[in-house]
Amino acid sequence: MKLDWRDLITWDWPLAGLLTIALLLDGAAASEVGHYDGRWELPGFLAVCALALLASRWPVVAGVGVVVVLLAGSVVLRLAGVTVPSAAGGLGAAEVAAVLAVIVAVVRRLSRSTAAGLVVLLLLSCLVVGVLRPEHPAAPQDLGWSGILPVVAVLAGWYLRTRDARHAREMRAVTVAAQLRERVALARELHDVVAHHIGGMVVQAQAAQAVAVPDPGAPARVLPVIERAGEGALSAMQRMVAMLQDVGGEPASPTTDLLADLRAATVTPAGATEVRLAVELAEPVPAAVATTVLRLVQESVTNARRYAVGAREITATVRSADGTVRVQVRDDGRHTDRPSRSGGGGYGLVGMRERVHLLGGRFEAGRVAGAGWQVLADVPLRAE
């Protein structure tokens, strides 16, 4: 997993603050010790604190790393005869805070068996540290915190683990619901804009067979094929609509003029971010594809205006070439994280992706270099 320093600053600052306070406490305790040389203890303290900050992303690496640092540092301190003012079990305050943070992350992120093994390894290493390190004469009496604190850390990690699992279930349920709603909307739109054309084709083919006089052999050979194809397509579409149909709000129906619809969808209200629209359609766009293109532009522009902080301009481009319509909507703002609850947006990306994939296309969305957000979709003009 790639390390995101912005996430470190945003989400791990409480832990960083706790570790900083613990380091200050260690410094205050050490300042009361005569002939104290912090060069022996400080590197180990800083190392375990750094590993604790990385534990939420790499719990296995952090857990094993803390064990190695604690044991190696204790051996060095033992050989040098250096004592460390102990907060609990021979560990300094920063080491205690780091070990507890790693235990929380391990229990929260890893499987039960892996988490149990790493927690036991961490606790055993703490016991060995208490034996290896020379006891400081001013060390406070252990009042049982060495046994209580690890239990508290395990319980905290388990609580966060169950909370994450519940949130993941809610996210999956909302995502599935968004996909189903988009499938229903697409099925209804396909039925509205295509089914009646297929029905008309069937009627015309039947009429042609009844009235054709010149070259009676040609209609007899061609029109039955058209009729069977139209009836088959109509039956397949009816089955799809019946399978996907659900109760819900009816989306606004587009017109037959895609360019006019796109211009209407990108009109800039007073005070809103301006949208620059560029449309180059080299070939006719089928109704089903035009509906998807319109929905992509509408949702992307809405998202950009809602989430692009400080955006000066939104660019929407629709081009057709080589049997594909490419839709690109891009802004130049700073994007906040997408909302994670239904009702506040955020799942429009799920719906857009679902629409494009159902038509056999390709969909991408994400931040772009520098600043801004881009939605990019390639929709085939003809179904494969």
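This report walks through a predicted model, from its overall make-up to its sheet and its salt bridges.

**Overall make-up**

The protein has 11 helices and 7 strands. Of its 384 residues, 38% count as buried. The accessible surface comes to about 21,400 Å², and carbon and sulfur atoms own 62% of that. As for contacts with a separation of 6 or more, 76% of them are between residues 24 or more positions apart.

**The sheet**

Let's start with the open sheet: 5 strands, mixed pairing, in the order E1-E3-E4-E7-E6. Strand E1 (274–281) and strand E6 (362–367) are the edges, each pairing on one side only. From one strand to the next, the twist averages 5°.

Two helices to look at here are H9 and H10. Helix H9 (residues 258–265) packs on the sheet and touches E1 and E3, with its direction at about 170° to that of E1. Helix H10 (residues 287–307) also packs on the sheet, touching E1, E3, strand E4 (324–331), E6 and strand E7 (373–380). The direction of H10 makes about 10° with that of E4.

Now for the pairings themselves. E1 and strand E3 (residues 313–321) run parallel, joined by 8 bridges. If you want to trace the register, Glu-274 stands opposite Glu-313 in E3, and the bridge partner of Leu-281 is Ser-320, also in E3.

E3 then pairs with E4 in the antiparallel sense, over 8 bridges, with Val-329 of E4 as the bridge partner of Ala-316. These two strands form a hairpin with 2 residues between them. One residue to check in that turn is Asp-322, which has a positive phi of about 55° although it is not a glycine. Most residues other than glycine have a negative phi. Asp-322 is exposed, with a relative accessible area of 81%.

At the other edge, E6 and E7 run antiparallel and are joined by 6 bridges. Phe-363 stands opposite Ala-377 in E7. The hairpin of E6 and E7 has 5 residues between the strands, and there Gly-370 takes a positive phi near 90°.

**Salt bridges**

The structure holds 7 salt bridges. Here are three of them, with the gap between N and O atoms.

| Pair | N to O distance |
|---|---|
| Arg-108 and Asp-164 | 2.6 Å |
| Arg-312 and Asp-332 | 3.6 Å |
| Arg-326 and Asp-378 | 2.7 Å |

Which part of this belongs to the sheet? Asp-378 lies in strand E7 and Arg-326 in strand E4, so their salt bridge ties together parts that are 52 residues apart in sequence. Asp-378 counts as buried at 13% relative accessibility, whereas Arg-326 is partly exposed at 37%. The story goes on from there: salt bridges that share partners join Arg-326, Arg-362, Glu-364 and Asp-378 into one network.

The pair of Asp-332 and Arg-312 sits in loops: Asp-332 is between E4 and strand E5 (334–335), while Arg-312 is between strand E2 (308–309) and E3, 20 residues apart. Asp-332 is partly exposed at 26% relative accessibility, and Arg-312 is exposed at 66%.

Over among the helices, Arg-108 in helix H5 (residues 93–109) meets Asp-164 in helix H7, with 56 residues separating them in the chain. Arg-108 is partly exposed, with a relative accessible area of 22%, and Asp-164 is partly exposed as well, at 23%.

**A buried arginine and a valine patch**

Is Arg-133 buried or exposed? Arg-133 has a relative accessible area of 7%, under the 20% cut-off, so it counts as buried. Arg-133 lies in the loop between helix H6 (112–132) and helix H7 (145–211). Leaving out residues up to four places away in sequence, Arg-133 touches Leu-70, Ser-74, Leu-77, Arg-78, Val-84, Gly-90, Leu-91, Gly-92 and Glu-95. Take Arg-78: Arg-133 and Arg-78 are 55 residues apart in sequence, but 5.5 Å apart in space, C-alpha to C-alpha.

Last stop, the surface. Val-60, Val-64 and Val-68 make a nonpolar surface patch of about 220 Å². Val-60 has its place in helix H4 (residues 59–80), and at 40% relative accessibility it counts as partly exposed.

Key:
Residues numbered from 1 in each chain as written. Predicted model: local features only at pLDDT ≥ 70, side-chain atom pairs only at ≥ 80, totals over all residues. Heavy atoms only, no water. Pairing = 2+ DSSP bridges. Helix = DSSP H or I, 4+ residues; strand = E, 2+ residues; numbered from the N terminus. Axes fitted to C-alpha atoms, helices over the stretch in contact; angles between N-to-C directions. Contact = heavy atoms within 4.5 Å. Patch = residues over 30% accessible without salt bridge, like charges linked within 9 Å, V, L, I, M, F, W, Y side chains within 5 Å. Areas by Shrake-Rupley, 256 points an atom, 1.4 Å probe, with all protein chains shown as cover. Salt bridge = Lys/Arg side-chain N within 4 Å of Asp/Glu carboxyl O. Buried < 20%, exposed > 50% of the residue type's maximum accessible area, 1.4 Å probe, protein only.
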